[in-house]
Amino acid sequence: MTQVNRLPGGQIDRTQSCKFTFDGKAYTGHPGDTLASALLANGVRLMGRSFKYHRPRGPLTAGSEEPNALVELRDGARQEPNTRATTVELYDGLLAKSQNRVGSLRFDLLAINDRFSNVLTAGFYYKTFMWPAALWEKLYEPIIRKAAGLGSLSLKDDPDVYDKGFLHCDLLIIGAGPTGLMAALTAGRAGADVILADEDFALGGRLNSETLTIGDQSGADWAAEVVGELATLPNVRIMPRTTVIGAFDHGVYGAVERVSDHMYAPDAGKPRQVLWRIYTQKTILAAGATERPIAFENNDRPGIMLGGALRTYANRFAVTADKRVAIFTNNDDGHRTAADLHAKGVRISAVVDIRPDVPRSLDYEVLHGELVNTKGRLGLTFAEVRLADGTMRTLECGALGLSGGWNPNIHMTCHQRGRPLWNDDIAAFVPGADLPAGMVVAGAANGNLSTTGALQGGAAAAKQALGLKGRLPKLPQAEDAPVNLKPFWYVEGCSRAWLDQQNDVTVKDVKLSHQEGFRSVEHLKRYTTLGMATDQGKTSNMGGLAIMAELAGKTIPEVGTTIFRPPYTPTAIGVLGGRHRGQEFHPKRLTPSHKWAEAQGAVFVEVGNWLRAQWFPQASETHWRETVDREVLATRNSVGVCDVTTLGKVDVQGTDAAGFLNKVYCNGFAKLAVGKTRYGLMLREDGIAMDDGTAARLAEDHFVVTTTTANALPVYRHMEFVRQCLFPDMDVQVISTTEAWAQYAVAGPNSRKLLSQIVDQDISNDAFPFMACGNITICGGLRARLFRISFSGELAYEIAVPTAYGDALIRKIMEAGAQYDVTPYGTEALGVMRIEKGHAAGNELNGTTTALNLGMGRMVSKKKDSVGSTLSEREGLNGEGQLYQVGFKPIDPKDPVPAGAHLMNADGPVDAAHDQGYVTSACYSPHLDHAIAIGFLKNGADRMGEHMRLVSPLTGVDVKVEITSAHFIDPEGERLRA
Amino acid sequence: MIIDHPLLGPRDAAEFTYLGDAKLIDRPDWQSETARQDFYEYAYLRENPAGWHQELWFHEAGDRSWLVVTRNTVTHEISKVELARDVARARGRSK
């Protein structure tokens, strides 16, 4: 098919062609076209099916406010649903499909819904699918889900990259129409750092759509000249294809730049879109205005569009939707459309104006009356007019322009909860006084709908925003027509007159909503869905409000608007995520031994952001338990090594360092000798345990504190809080050194023998006893730290070196330990050994447990003040019935003891009211050859040896267990001190 | 949101971690007769003002200063930003 509806002129590049495909059919357009303009040029008006009734629809607009012409763009992994044909820039090879249809676009099987329109009214789903309840999940929901929704997802990974960026400027100008361009010119010439952003690919706004002149130039030429000058100014950044989506606090704006959407595929190394965060001192909102339609019976047929859109198609894209066009208007703008189209050789069937004092024309017929209905199954063919004197006329036309007036695009003025004001002159909302800080609104967005108003507004806004002195620059001569408008929203007596074409909401639905008591605008929106979905009611909200106002006997401003929220136009989740997807979702932190562990075939597990070795399988091992059991036994029988770098390390220095630790730990540190390490328990102020670790005193005024891996950050934050906010004059400094030191646990009876070969100093039991710590050197001089602490319950050390030597140290340990068959172990074996030893960890310090629950009640010093000490003495946390940490073993050694299961008395009822406690950590103990667990039990300390039922009704667990000490291994601690 | 750090100038709120009401600076005396009641109120009771509010922010991705930010909870306007340490001293928390 040739481009039958292509007109002369326009701003398309006729020297080049773009071949594209819509629903499998090939067409040709030109660079400068949108998908919608190119389809219209080819005589295609039908572009989609409506959401609910599957009525045939074509574009209503020529911009981002489009409710109807939603298509699936591209194919394969790049397929994107719900893109607006009116904003999709045409490129060679573009592929698009219509959506929301069963069968073809011309014969959509779900169009049957339209026959049941009397049933499918507002609130249909709420009223209909109420009972029987059992049918909801199995029958109703699957059917509704299948029928609902618009486009479909590819369900494949998006192959493209999305980026985030940050920009700073003095002045952000939103919109590059006459207002924005004039503002940018004024500010740019004054030397300000300016960002000029516009959602369109061609700058100029309505100047590209109109035949108006500025000075002695066409509007489009003037715009091109201004853009040319701005491009020479180094202080001005011009950003086409960039939608400012939201105004956030303190001059922060979000903007999406569509870098590659207008290409077949992004250039190598380029992102598809960029989310910019713009920090600006001042902002000029020059977002223009959006035209609104008039509702009447069957006003949704393909070919029926906004009058301004018809002008855009004719003047900018050199396209008419049909050779015969009628106009329905309540203001002078409709006559402008007729004049422009007539000048391009389009036949004007008639201009129908609801006003009695109608401007006459010599070129075409002007009627005083209103449209009452239309005909045409897949596109408009006839329009019926009722003249003011009551007689009926039928107009033959394939396109119809609706002009109901223009609404200023005030959305962003309301993103900080600003409320708009009503302006009677243009019968529309304009920005209120409570704008986001630093924002000035100008031009059509501020209700000045003439070109002169735009130019003046833009220049004045730039002056005001930047505090420029002097007069406004001399502005070129431009159109300054008044707005002659009679508010008119819908034709009396209509019912299936579409207000919101995207959601298929009719005048009748709004009336029904009111009748059923949904009278606030927010209720109306949710009950009828008016103003929802991708267009957010840009063309429909005002009509709904007007009808609500009429029914309630109020004015439109009394009824009010729903709240405008970001984003201004639909924003892909991909650009909000940016590069934070898949493996890059959060940072990946590698331990110093990672490379080495990888070479050993370690299996890794994510712990916070860290990747830690979980176990080190050997070729012969077929199950992870086999590996873990071997690692545990090897450590207990000889020696094992584990990377514990991920544990938080905090360096605490100053003359008040010990006093400071006395505040953050519930137990005392003042008397800890230099060269000694002590376990410390940290409470929250409410008396609940926060974290535990060790503090090693390396000098009188120097401690090294460890935290659990997961709490490294919160504990450090808390320590800074205590230091800065609670005890501001303590002489103490804290700094996180987690990344600065590589640290390995070397555990097992042969650990001393192993380390003696590496450490330069004497580490015999006398010289370096249990809980000793100190600065040492290794391998003949490398500075290091040694701590004789044990998480496994064995004779053990932790040895730390500056991180750069971490890889060398693990290799050295393995080499020195070869004679003892030193075995690397992972987090799983670490966990087994600490459960065997009854050491609490994250599962026990779970945000609900106190020192008393953990069996450390007596550690909370009453002789000093520490965070949490006072509230840990509260009644509810003490006395009869408290939980105590105990151990569990199965009566039948073959039974598991699963974590999460709850304890019940052996002969009592099994229900929540008789709950006795729960299991927190469980494992198979290779040392004991059966399952073991630790957990919390009511009055647990007094119930050793008791037999209980351990149940988990959800997973079907019901086993008999015996209560034991949590210390399954070496309860006297002889191994530790060996 | 932008927080005007008294040492570093305006910084994006994304660099900070929020804690809550700056009354957390006013930790009670543990040896007072009414210590338990005082700590209960300190730990659990908060005003929830629609308007000006002094609150604690931690510059976690920055210089690790705790700040007292005076912010309007309705408009998000920030009228004052101080080092929490200075506020603590002014409130008598010196040794």
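Visitor: How many residues does the contact between chain B and chain A take from each?
Guide: There are 24 residues from chain B and 18 residues from chain A. Two residues are in contact if their C-beta atoms, placed from the backbone, lie within 7 Å. This is a predicted model, where local features need pLDDT of at least 70 and side-chain atom pairs pLDDT 80 or more, while totals for chains, interfaces and linings use all residues. Residues are numbered from 1 along each chain as its sequence is written, with chains lettered from A and ligands numbered from 1 in the order in which they are written.

Visitor: What makes 13 residues on the side of chain B that touches chain A nonpolar?
Guide: They count as nonpolar because each is one of Ala, Val, Leu, Ile, Met, Phe, Trp, Tyr, Cys and Pro. That side also has eight charged residues (Asp, Glu, Lys or Arg) and three polar ones (the others, Gly among them).

Visitor: Why is α11 of chain A called a helix?
Guide: A helix is a DSSP run of H or I with at least four residues, and α11(A), residues 541–552, has 12, so the name fits.

Visitor: How do you know what span to expect for α11(A)?
Guide: Take 1.5 Å times one less than the number of residues. For α11(A) that gives 16 Å, and the helix reaches 16 Å from its first C-alpha to its last, close to what is expected.

Visitor: What makes Leu545(A) buried?
Guide: Buried means 20 or more other C-beta atoms lie within 10 Å of a residue's own, with C-beta atoms placed from the backbone. Leu545(A) is among the buried residues of α11(A), so it meets that cut-off. What covers those buried residues includes α9 (507–515) and α10 (521–528) of chain A.

Notes. Helix = DSSP H or I, 4+ residues; strand = E, 2+ residues; numbered from the N terminus. Buried ≥ 20, exposed ≤ 12 C-beta atoms within 10 Å, placed from the backbone.
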